[in-house]
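Trainee: I've just opened this one and could use a guided tour. Mind if I fire some questions at you?

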Amino acid sequence: MSRQQDALFHRHKLNPILTAADWPYPANSVFNPGATMMPDGTTLLLCRVEDKRGLSHLCAARSANGVDGWQVAPHPTLPADPERFPEELGGIEDPRITHIPELGKYAVVYTAFTRDGPGVALALTEDFVRFERYGVIMPPEDKDAALLPHRIGGNWALIHRPVSAPRAHMWMSYSPDLRHWGSHKLMLEARRGGWWDANKIGLSPPPIETPQGWLVIYHGVRMTAGGGLYRLGLALFDLNVPERCLARGDEWIFGPEESYERHGDVGNVVFPCGYTIAPDGDTIRLYYGAADTSIALATGSIRAMLEWLEQFD
Ligand code: BMA
């Protein structure tokens, strides 16, 4: 079987679907978008846009079919606000969007680049026009965070990735009010040795809630003499105790192959921060940053990912 036939994700033939050339104002690169489907069926990407100072902000792009015809906002949608939030002095990056039915709002969890490295920040919005900023909710060094869409045992649950040098694992923390966080639990450890996900892992898009458990697409960073290799793997977690791992794949399921993934400002990086799910409840559209330069799309099946994971129970 060819690599493409047995793959869990298939790249769109129009990739990359968005680049800095599509932006209505000067930008160096556009990548690592959060994603959500709005109630009218529009796909909204909240893109990380890096300006020519090297600092990032977030900008919305909307499309009726989620593939082309993107309407990019004429100005930054969520700029860094270092006057009110000095933690955002180095810009803001890599948003993960979760719709929260209880609040009737979307939670945008993003990286705030402080003077001393990345922290996790939160903003709530109803419309991706006005944002209610909570500031930093996890101090540096921490990133790759997303909120679960509903409370677990009465508390909100956040997946995040603090660095406990020399390794970095995924953790779960809980909060009664989205501001005060505790009950920290180790969720998934980076492996050791020569593995593709040795030493440093992190959540990619927000987890996918399925009857079998929380399906998590995570990234592993393999450090090589030629730099980091960012690839994706799968794991499944208990619905009621979401830090409890039920299954973890041994092999990566998606990695840099195409030239737009191999070459760019940071080569050999595929970095999804969001997805949408089609009305069939199964087809997933994964939006990812390619080589820290452009935005690409790959399509998969939730059922097929769950079936693939069964071999690792
Ligand atoms: C990670 C994050 C991502 C980036 C990746 C590759 O640590 O900072 O934003 O895409 O590195 O540079």
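Trainee: Is Leu178 buried or exposed?
Mentor: This is a predicted model, where local features need pLDDT of at least 70, side-chain atom pairs count only at pLDDT 80 or more, and totals for chains, interfaces and linings use all residues. Residues are numbered from 1 along each chain as its sequence is written, and side-chain values use heavy atoms, leaving out hydrogens and water. Buried means under 20% relative accessible area, exposed over 50%, partly exposed in between (1.4 Å probe, protein chains only). Leu178 has 3% relative accessibility, so it counts as buried.

Trainee: And where does Leu178 sit?
Mentor: Strands are DSSP runs of E, at least two residues, and helices are runs of H or I, at least four, numbered from the N terminus. Leu178 has a positive phi near 70 degrees, though it's not a glycine. Its place is in the loop between β13 (170-175) and β14 (182-188).

Trainee: Which strand holds Asn32?
Mentor: Asn32 is another non-glycine with a positive phi, about 45 degrees. It's buried too, at a relative accessible area of 2%. Its strand is β2.

Trainee: Which residues surround the ligand?
Mentor: Here a residue is near a molecule if one of its heavy atoms lies within 4 Å of it. That picks out Asn32, Arg48, Asp94, Lys143, Tyr230, Val266, Val269, Phe271 and Asp292.

Trainee: How far is an oxygen atom of the ligand from an N or O atom in the side chain of Asp94?
Mentor: Polar contacts with the ligand are pairs of N or O atoms within 3.5 Å. A polar side-chain atom of Arg48 lies 2.7 Å from a ligand oxygen, and one of Lys143 lies 3.0 Å from a ligand oxygen. For Asp94, the distance is 2.5 Å.

Trainee: Which helix gives the most to the largest nonpolar core?
Mentor: A nonpolar core is a set of buried Ala, Val, Leu, Ile, Met, Phe, Trp, Tyr and Cys residues joined through side-chain atoms within 4.5 Å. The largest has 26 residues, and those with the most contacts inside it are Phe9, Leu215, Leu234 and Met305. With five residues, the top contributor is α2.

Trainee: Last one: what is omega for the peptide bond between Ala165 and Pro166?
Mentor: Pro166 lies in the loop between β11 (156-164) and β12 (167-168). The bond joining Ala165 to Pro166 is cis, with omega about 5 degrees.

Definitions and conventions:
Polar contact = N/O pair within 3.5 Å; in protein donor to acceptor, adjacent residues only side chain to side chain.
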